[in-house]
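Me: Let's work through this protein piece by piece. Keep the answers short, please.

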Amino acid sequence: MNILIIGGGGREHAIGKKLLEDNCLLNLYFYPGNGGTNTIGKNIDNKRTLYELGDFAKKHHIDLTIVGSEIFLMEGIVDIFQNFGLKIIGPNYLAAKLEGDRIFAKSFMKKYGISTPKYNVFSSYRESATFIDKCNTVSFAIKRNGISSGKGVIIAHNKNEAKKALKDIMIEKKFGKSGNQVIIEDFIQGKEASIISIFNGKKIIPFLSALDYKKIGENEIGKNTGGMGSIAPNPYVTKSVWEDFQKSVLEPTLEGLISEKLTFYGFIYFGLMITSNKVYLLEYNTRIGDPEAQTLLPLMKSNFLNIIKSFFSKKEIFIIWKKLYSCCVVLSSEGYPDEYKGGKMIIGLNLIQEPFYIAGANKKNGKWVTSGGRIINIVGIGNTIKEARDIAYDKAKKIQFENLYYRKDIGLFV
């Protein structure tokens, strides 16, 4: 069976490894891939348009395509591949707006009564700044519209910070066109949770819960990143939280997806905030999260490919999980999520055991060198979160490269 995986990070490496772990007789292709994916399959190196990529998939008899990266979903890769008669996992262009268009997503949440923080939408700096001045509250979540790869939210703890963020987004255009419109949302204090789920067009089947560490600095300070680590299961997702999530978020989401004809075969990610008395939905993603995929897939006992195949066979989906805990620590280049330098030699990969995943590294002359912001995802598996955490950090200490940075508090909580 020939499978094409779209994306070039640790998530795609993790997907490929899990598929091969369950099914050794697979031919994997990656676009664009990285040094890690090239060790388990074949990277499609030459840059292609989505139509050229569809043509490649047709000519190389690709049986199934799995989309990891959100950018390709927002550009309509599913529609294009389906027009080629190809099987592909992911939302079409319209359904992908649940992730790629925050205003579209918030309107959807409001229409279907989904528990989400109150919000206002603005298209000019003057209107948004005036709103901030008149507010009784002082803390805000400011979200720019459009693709942001997990880095599109600024938490402002006072009005001056809020107006500076708005100026950076809407006047200085530091984030490009995604700053043409902003959402100013009530800031909700609580504990975060990531619930990745499978959507087969009729049902939403959740994975184990996970906790993602978004900020670059320890104790969740500093700029948002694509994720600096993750643990699973999430200790804050209690039975009562899970029941609230299903009733106030999952069920009305399913109703809305079917009513609006936003049905597809793929994944839907719920980014939650857990407070003392309520669960709020902060965002949707329409693909597997990163680094949550690297944290969750090693805990999946079921055959991942069989789960995906069940989309097309219309069979019931059952997922069995190992009764273990997982901790993923992201090793990054100093300077990420802003400017960083690549080309640094990596030492120690041969000293650590699986699982680990390459996120931003390639091989040159037989040696590993850095090529991105997030470099390696180190994963520990244990009988407790503490054991998983200890294993992950013991492995992380064996890796060396110039300007190596990682958070030391992944898996610490309470």
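Reply: One term first: a polar contact is a pair of N or O atoms within 3.5 Å; within protein, one must be able to donate a hydrogen and the other to accept it, and residues adjacent in sequence count only if both atoms are side-chain atoms. This is a predicted model, where local features need pLDDT of at least 70, side-chain atom pairs count only at pLDDT 80 or more, and totals for chains, interfaces and linings use all residues. Residues are numbered from 1 along each chain as its sequence is written, and side-chain values use heavy atoms, with hydrogens and water left out.

Me: At the start of α6, which backbone nitrogen does a side-chain oxygen of D101 reach?
Reply: Helices (H or I, at least four residues) and strands (E, at least two) are DSSP runs, numbered from the N terminus. Helix α6 covers residues 102-111. The D101 oxygen comes to within 3.2 Å of the backbone nitrogen of I103.

Me: Which residue with a positive phi follows α6?
Reply: Look just past the helix. The phi there is near 65°, and the residue is G113.

Me: What is the strand order in the open sheet of 5 strands?
Reply: Two strands pair if DSSP finds at least two bridges between them. Pairing in this sheet is parallel. β3 (42-43) and β5 (88-89) each have a single partner strand, so one side of each is left without a neighbour in the sheet. The order is β3-β2-β1-β4-β5.

Me: Which residue in β3 stands opposite Y29?
Reply: Strand β2 (residues 27-32) runs parallel to β3, and 2 bridges join them. Opposite Y29 stands K42.

Me: At about what angle to β1 does helix α1 run?
Reply: Helix α1 (residues 10-22) lies across β1 (2-7), β2 and β4 (64-67). Axes are lines fitted to C-alpha atoms, for helices over the stretch in contact (heavy atoms within 4.5 Å), and angles run from 0 to 180 degrees between N-to-C directions. The angle to β1 is about 160°.

Me: How many residues apart are R11 and E70?
Reply: Their side chains meet in a salt bridge, N to O at 4.0 Å. The term means a side-chain nitrogen of Lys or Arg within 4 Å of a carboxyl oxygen of Asp or Glu. R11 is in helix α1 and E70 in helix α3 (residues 70-74), a separation of 59 residues.

Me: Why does the salt bridge of E70 with R287 tie together parts distant in sequence?
Reply: The closest N and O atoms of E70 and R287 are 3.7 Å apart. E70 lies in helix α3 and R287 in the loop between β16 (279-285) and α10 (292-296), so the parts they tie together are apart by 217 residues.

Me: Is K386 buried or exposed?
Reply: Buried means under 20% relative accessible area, exposed over 50%, partly exposed in between (1.4 Å probe, protein chains only). K386 forms a salt bridge with D390, and both lie in helix α12 (residues 385-396). D390 has 31%, so it is partly exposed. K386 has 57%, so it counts as exposed.

Me: How many residues of strand β21 are buried?
Reply: β21 (residues 374-382) pairs with β17 in the antiparallel sense over 8 bridges. L331 stands opposite I376 there. Strand β18 (residues 356-358) also pairs with β21, over 3 bridges. The buried count in β21 is 8 of its 9 residues.
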